[in-house]
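Reader: I've just opened this one for the first time. Could you walk me through it, one question at a time?

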Amino acid sequence: VMLPKPGTYFFPWEVSAGQVPDGDTLRTFGRLCSYDMTQSQVTLMAQLRSDQHPILICTKLVEPFQAQLGSLYTVLGELEHQKDGSCVVKARVLTCVEGMNLPLLEQAIREQRLYQQERDSGQ
C-alpha cells in the first residue's frame with residue numbers, strides 16, 4: 001500500500017500565487033474567514049506585509065467540522081487548479097491551531113526548506 005506523501009509546507013501566498021503544482025499534496029495555514037456549508041468551502045486568509053492572501057478549501061472530506069471564524073487553521077490536502085485559473089485545496093485534514101505562534105511556524109518552514117536544500121545539494 002502506497003501511503004500519500006506527507007505534504008510539503010507552502011506559504012499561503014505561494015499557494016494563492018499559483019506556485020504549487022496541480023495535484024501536489026501540500027500543507028498550508030491561514031485564518032478562517034468564511035465557511036459556506038452548502039458549497040463545502042472554506043476561505044483561509046493569510047497576511048504577508050500589507051497584502052491579504054485568500055485560499056479556497058474544499059471541505060467535503062472533513063465534514064462535519066466546527067468552523068471557528070477568525071481562528072488559525074492548518075490544512076493538509078491536494079491542490080486542484082480550476083478552469084477559471086483559481087485553485088482549491090481539497091482538504092484531507094483541517095485543524096484549528098488557534099494560539100499557535102505563527103511567526104515561529106513561518107520560521108520553522110523556512111528552516112526546513114533550507115535543510116532540505118542543503119541535503120539535496122549534498123547528494
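What follows is a chat about the helices, cores, salt bridges and a few odd backbone spots.

Reader: Before we start, what kind of model am I looking at?

Author: Keep in mind that not every position counts equally here: local features need pLDDT of at least 70. That is because the model is predicted.

Reader: Fine. Let's take helix α2: how far apart are its end C-alpha atoms?

Author: The helix covers residues 102–121, which makes 20 residues. At 1.5 Å a residue, α2 should span 28 Å. The model agrees with that, as the end C-alpha atoms of α2 are 29 Å apart.

Reader: Which residues of α2 are buried, and how are they arranged around the axis?

Author: The buried ones are L105, E106 and I109. Looking down the axis of α2, you'd see these buried residues within an arc of 100 degrees, so they line one face of the helix. On the other side, P103, L104 and E118 are exposed. So the buried set sits on one face, and its members are L105, E106 and I109.

Reader: What covers those buried residues of α2?

Author: Several elements take part, and one of them is the helix α1. Strands join in as well, including β1 (8–9) and β2 (25–36). So the cover includes α1, β1 and β2.

Reader: At the start of α2, which backbone nitrogen does a side-chain oxygen of N101 reach?

Author: Look at the side chain of N101, at the start of α2. One of its oxygens comes to within 3.0 Å of a backbone nitrogen. That nitrogen belongs to L104.

Reader: Is E14 buried or exposed?

Author: E14 sits in helix α1, residues 12–16. Further along the sequence, beyond four places, E14 touches Q19, V20 and R113. The relative accessible area of E14 is 13%, and the cut-off for buried is under 20%. Therefore E14 counts as buried.

Reader: Which residue meets E14 in a salt bridge?

Author: The structure holds four salt bridges. In the one with E14, the N to O distance is 2.7 Å. The pair links helix α1 with helix α2, across 99 residues. The partner, partly exposed at 26% relative accessible area, is R113.

Reader: And which two strands does the R92 and E78 pair link?

Author: R92 and E78 form a salt bridge, with their closest N and O atoms 2.7 Å apart. Their positions are 14 residues apart, with R92 in β6 and E78 in β5. Both are partly exposed, R92 at 30% and E78 at 22%. So the strands linked are β6 and β5.

Reader: How far apart are the closest N and O atoms of E80 and K90?

Author: E80 lies in β5 and K90 in β6, so this salt bridge ties together parts that are 10 residues apart in sequence. E80 is partly exposed at 35%, and K90 is partly exposed at 31%. Their closest N and O atoms are 3.9 Å apart.

Reader: Which strand gives the largest share of the largest nonpolar core?

Author: In soluble globular proteins, nonpolar side chains tend to be buried together. The largest core here has 18 residues, and among those touching the most other members are V15, L26 and L79. β2, β3, β4, β5 and β6 each supply at least two of its residues. The largest share, four residues, comes from β6.

Reader: How many residues make up the second core?

Author: This core is separate from the one above. Its members include Y9, W13, A46 and I109. I109 is also one of the buried residues of α2. In total, the second core has seven residues.

Reader: Where is the cis peptide bond?

Author: Most residues other than glycine have a negative phi, and most peptide bonds are trans. The cis one here has omega near -5 degrees. P64, in the loop between β4 and β5, is one end of this bond, which runs from E63 to P64.

Reader: S40 has a positive phi, so is S40 buried or exposed?

Author: Phi of S40 is near 55 degrees, and S40 lies in the loop between β2 and β3. R49, in the loop between β3 and β4, also has a phi near 55 degrees, but R49 counts as exposed at 71%. With a relative accessible area of 9%, S40 is buried.

Technical notes: Residues are numbered from 1 along each chain as its sequence is written. This is a predicted model: local features need pLDDT of at least 70, side-chain atom pairs count only at pLDDT 80 or more; totals for chains, interfaces and linings use all residues. Side-chain values use heavy atoms; hydrogens and water are left out. Buried means under 20% relative accessible area, exposed over 50%, partly exposed in between (1.4 Å probe, protein chains only). Contact means heavy atoms within 4.5 Å. The expected span of a helix is 1.5 Å times one less than its number of residues. The arc is that of the directions from the helix axis to the C-beta atoms. A polar contact is a pair of N or O atoms within 3.5 Å; within protein, one must be able to donate a hydrogen and the other to accept it, and residues adjacent in sequence count only if both atoms are side-chain atoms. A nonpolar core is a set of buried Ala, Val, Leu, Ile, Met, Phe, Trp, Tyr and Cys residues joined through side-chain atoms within 4.5 Å. A salt bridge is a side-chain nitrogen of Lys or Arg within 4 Å of a carboxyl oxygen of Asp or Glu.
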